[in-house]
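Student: I would like to go through this model with a few short questions. Please reason each one out before giving the value or name.

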Amino acid sequence: MRTDEFNNTIIPMRGELKELACRLTGDADAAEDLVQEVMLRLWNMRASIDGEGGHRALAFTIMRNLANDRWRHGRYEQGRAATGEPIGDDGTAVEARDEADLVRRIVESLPDLQRMIFRMKEIEGYDSSEIMQITGCSAESLRKNLSRARMRIRQEFVRLTAVHRS
């Protein structure tokens with residue numbers, strides 16, 4: 001997408017994005033921050049966005065995911081502030097954090113396409129049609145790569161946790 005196309009298609013959505021952000025956050029300043037972050041991400045992705053209308057769904061998905069991330073982070077920080085420790089820290093929180101770090105390392109070791117598809121689908125919450133549009137994969141290729149990524153993550157996780165528990 002060229003700069004003029006971006007300015008003509010993405011920038012006019014700013015009002016709608018701000019309205020959604022206000023509903024999600026309940027705070028005008030936080031909403032403006034979210035809109036800025038969405039616009040920045042869309043700008044960085046402009047080379048892979050085509051002008052056929054998927055940009056609106058992409059923008060709203062990014063907005064929803066960012067709002068959810070900030071909400072989760074806020075809950076975590078509130079729990080730390082109240083107790084001085086992470087929420088539910090009875091040893092299970094430390095174990096859960098270690099397991100999450102292990103999964104992140106496994107995801108990083110995946111082949112590029114599998115890693116990108118897995119992140120977009122499972123972490124960033126993109127729809128399959130959006131992922132196919134961004135990556136240029138067919139539905140079958142997307143399904144196979146996502147399945148292979150999940151299977152490899154599961155196998156590596158079981159293998160590595162079995163070694164530590166033995």
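Student: Which residues line the second largest pocket?

Tutor: The model is a predicted one. The space in the second largest pocket comes to about 250 Å³. Its lining consists of R41, M45, I62, N65, L66, D69, M120, I123, E124, Y126 and I134.

Student: How do the residues of that lining divide into nonpolar, polar and charged?

Tutor: The lining includes I62 and L66, but also N65, D69 and E124. Sorted by class, the residues of the lining of the second largest pocket are seven nonpolar, one polar and three charged.

Student: Which helix supplies the largest share of the lining of this pocket?

Tutor: Helix 4 and helix 6 each contribute at least two residues to the lining of the second largest pocket. The largest share is four residues, and the helix they come from is helix 4.

Student: Which helix gives the most to the largest nonpolar core?

Tutor: The largest nonpolar core has 35 residues, and among those with the most contacts inside it are L17, I62 and Y126. Two or more residues each come from helix 2 (14-25), helix 3 (28-44), helix 4 (54-83), helix 5 (92-108), helix 6 (112-123) and helix 8 (139-165). With seven residues, the element that gives the most to this core is helix 4.

Student: Which residues does L17 touch, leaving out those up to four places away in sequence?

Tutor: L17 is one of the residues with the most contacts inside the largest nonpolar core, as are V38 and M63. Leaving out residues up to four places away in sequence, L17 touches V35, V38, M39, A59, F60 and M63.

Student: Does T161 count as buried or exposed?

Tutor: T161 lies in helix 8. Buried means under 20% relative accessible area. T161 has 12% relative accessibility, so it counts as buried.

Student: Which backbone oxygen lies 2.7 Å from a polar atom of the T161 side chain?

Tutor: Two backbone oxygens can be considered for the side chain of T161. That of V158 lies 3.3 Å from a polar atom of this side chain. The one at 2.7 Å belongs to F157.

Student: How many helices and strands does the protein chain have?

Tutor: Along the sequence, the pattern of the protein chain is α-α-α-α-α-α-α-α. The count is eight helices and zero strands.

Student: What percentage of the contacts with a separation of 6 or more joins residues 24 or more positions apart?

Tutor: The protein chain has 166 residues, of which 28% count as buried. Among its contacts with a separation of 6 or more, the share from residues 24 or more positions apart is 62%.

Technical notes
Residues are numbered from 1 along each chain as its sequence is written. This is a predicted model: local features need pLDDT of at least 70, side-chain atom pairs count only at pLDDT 80 or more; totals for chains, interfaces and linings use all residues. Side-chain values use heavy atoms; hydrogens and water are left out. A nonpolar core is a set of buried Ala, Val, Leu, Ile, Met, Phe, Trp, Tyr and Cys residues joined through side-chain atoms within 4.5 Å. Buried means under 20% relative accessible area, exposed over 50%, partly exposed in between (1.4 Å probe, protein chains only). Contact means heavy atoms within 4.5 Å. On a 1 Å grid over the protein atoms alone, a cavity is a set of points where a 1.4 Å probe fits but cannot get out, and a pocket is an open set with protein on both sides within 12 Å along at least five of seven lines; lining residues have an atom within 4 Å of a point. Grid points are joined across faces, edges and corners, and a volume is the space filled by probe spheres set on the points. Ala, Val, Leu, Ile, Met, Phe, Trp, Tyr, Cys and Pro count as nonpolar, Asp, Glu, Lys and Arg as charged, and the others, Gly among them, as polar. A polar contact is a pair of N or O atoms within 3.5 Å; within protein, one must be able to donate a hydrogen and the other to accept it, and residues adjacent in sequence count only if both atoms are side-chain atoms.
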